[in-house]
Each structure stands twice: as C-alpha cells, then as structure tokens.
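Hi everyone, thanks for coming. I'd like to walk you through a structure that's probably new to most of you, so have a look at the screen while I talk.

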Amino acid sequence: MSYYVYMLKSKTVKPVTYVGYTKDLKKRIKQHNTGKGAKFTKGRKWSLIYKEKIRSKSKAISREYYIKSNRALRNKIKNENINFTSL
C-alpha cells in the first residue's frame, strides 16, 4: 500500500503551510478545503504544492516529521512551489 506525504499552501495574503500524510491524496485535500480536515486547516482554502509517494506508513510518518521539522526545506518548497514526486 502506498502513502503520500504532502504539503499544502493556504490561498491567503500571508500564506501558511501544512504538512501531512494520507493514503488518498485527492480525498484528503478535499477534506481540508471543506473544513473536515485537520483542525489547523479549517477555515482556509488550500492548494497542493508538494507530494511524495512513500511505500509504507512508517516511512511516510517519518518523512512527514522530517519535513515538518525542517523549516529551511519547508520554506524552499513554499517559496519556489517545487513539486517533487518520488517513489
């Protein structure tokens, strides 16, 4: 089973980012944009700026944590709108 680690950027004047992981990326983004996602994402509209395909849940969780805690990487992705995809 594959998982996705993803980063969303808010469609606001001062954009913020959100990093998460999921099995169904389309469904999860829809949840975020309809107010049914994570508490932090409610009340904002989001666009996908990064996705990465991971083969196991444990690796996806580890990668999510790495991206969340690496502010330099998050800012680089946010500011350059880099969209990586890996296996």
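Let's start with one residue, Leu8. Leu8 comes out at 0% relative accessibility, so we call it buried. One thing to keep in mind as we go: this is a predicted model.

So where does Leu8 sit? Leu8 belongs to strand E1. And what does Leu8 touch, once we skip residues up to four places away in sequence? The list is Val16, Thr17, Tyr18, Ile29, His32, Trp46, Ser47, Leu48 and Ile49. Another way to place Leu8 is against Arg28: in sequence the two are 20 residues apart, and their C-alpha atoms are 11 Å apart in space.

Now zoom out to the strand itself. E1 covers residues 3-10, and 7 of its 8 residues are buried, so the rest of the structure largely encloses this strand. Even Lys9, which is also in E1, counts as buried, because its relative accessible area is 18% and the cut-off for buried is under 20%. What does the Lys9 side chain reach? It gets to the backbone oxygen of Lys78, at 3.4 Å. Across in E3, Lys9 stands opposite Ser47.

That brings us to the sheet. Which order do the strands come in? There are 3 of them in an open sheet, E2-E1-E3, with antiparallel pairing. E2 and E3 are at the edges with a single partner strand each, so each has one side without a neighbour in the sheet. From one strand to the next, the twist averages 20°.

Let's take the two pairings in turn. E1 and E2 run antiparallel and are joined by 6 bridges, and the hairpin between E1 and E2 goes through 6 residues. If you want to trace that pairing on screen, Tyr4 has Thr22 as its bridge partner in E2, Val5 has Tyr21, and Met7 has Val19. On the other pairing, E1 and E3 are antiparallel over 8 bridges.

As an edge strand, is E2 mostly buried or exposed? E2 is residues 17-22, and 5 of those 6 are buried, so E2 too is largely enclosed by the rest of the structure.

Next, the helices. Helix H1 is residues 25-33, and its buried residues are Leu25, Arg28, Ile29, His32 and Asn33. If you look down the axis of H1, those buried residues fall within an arc of 135°, so they line one face of the helix. Turn to the other side of H1 and you'll find Lys26, Lys27 and Lys30 exposed. What covers the buried residues of H1? The cover includes E1, E2 and strand E3, which is 46-54.

The two ends of H1 deserve a glance as well. At the start, Asp24 has a side-chain oxygen within 3.3 Å of the backbone nitrogen of Lys27. Just after the helix, Gly35 has a positive phi of about 80°.

Then there are two helices lying across E1, E2 and E3. One is H2, residues 57-69, running at about 175° to E2. The other is H3, residues 71-80, running at about 105° to E2.

Finally, the inside. As a general point, nonpolar side chains in soluble globular proteins tend to be buried together. Here, the largest nonpolar core has 10 residues: Tyr3, Val5, Met7, Val19, Ile49, Tyr50, Ile54, Ala60, Ile67 and Ile77. E1, E3 and H2 each supply at least two residues of this core. Val5 is a good one to click on: setting aside neighbours within four places in sequence, its contacts include Val19, Tyr50, Ile54, Ala60 and Ile67. Val5 also contacts residues such as Lys51, Glu52, Arg63 and Glu64.

And where does Leu8, our starting residue, end up? Leu8 is in a second, separate core of 7 residues, which also includes Leu25, Ala38 and Trp46.

So, back on screen, follow Leu8 along E1, then out to E2 and E3 on either side in the E2-E1-E3 order. That's my tour, and I'm happy to take questions.

Methods:
Residues are numbered from 1 along each chain as its sequence is written. This is a predicted model: local features need pLDDT of at least 70, side-chain atom pairs count only at pLDDT 80 or more; totals for chains, interfaces and linings use all residues. Side-chain values use heavy atoms; hydrogens and water are left out. Buried means under 20% relative accessible area, exposed over 50%, partly exposed in between (1.4 Å probe, protein chains only). Helices (H or I, at least four residues) and strands (E, at least two) are DSSP runs, numbered from the N terminus. Two strands pair if DSSP finds at least two bridges between them. The arc is that of the directions from the helix axis to the C-beta atoms. Contact means heavy atoms within 4.5 Å. A polar contact is a pair of N or O atoms within 3.5 Å; within protein, one must be able to donate a hydrogen and the other to accept it, and residues adjacent in sequence count only if both atoms are side-chain atoms. Axes are lines fitted to C-alpha atoms, for helices over the stretch in contact, and angles run from 0 to 180 degrees between N-to-C directions. A nonpolar core is a set of buried Ala, Val, Leu, Ile, Met, Phe, Trp, Tyr and Cys residues joined through side-chain atoms within 4.5 Å.
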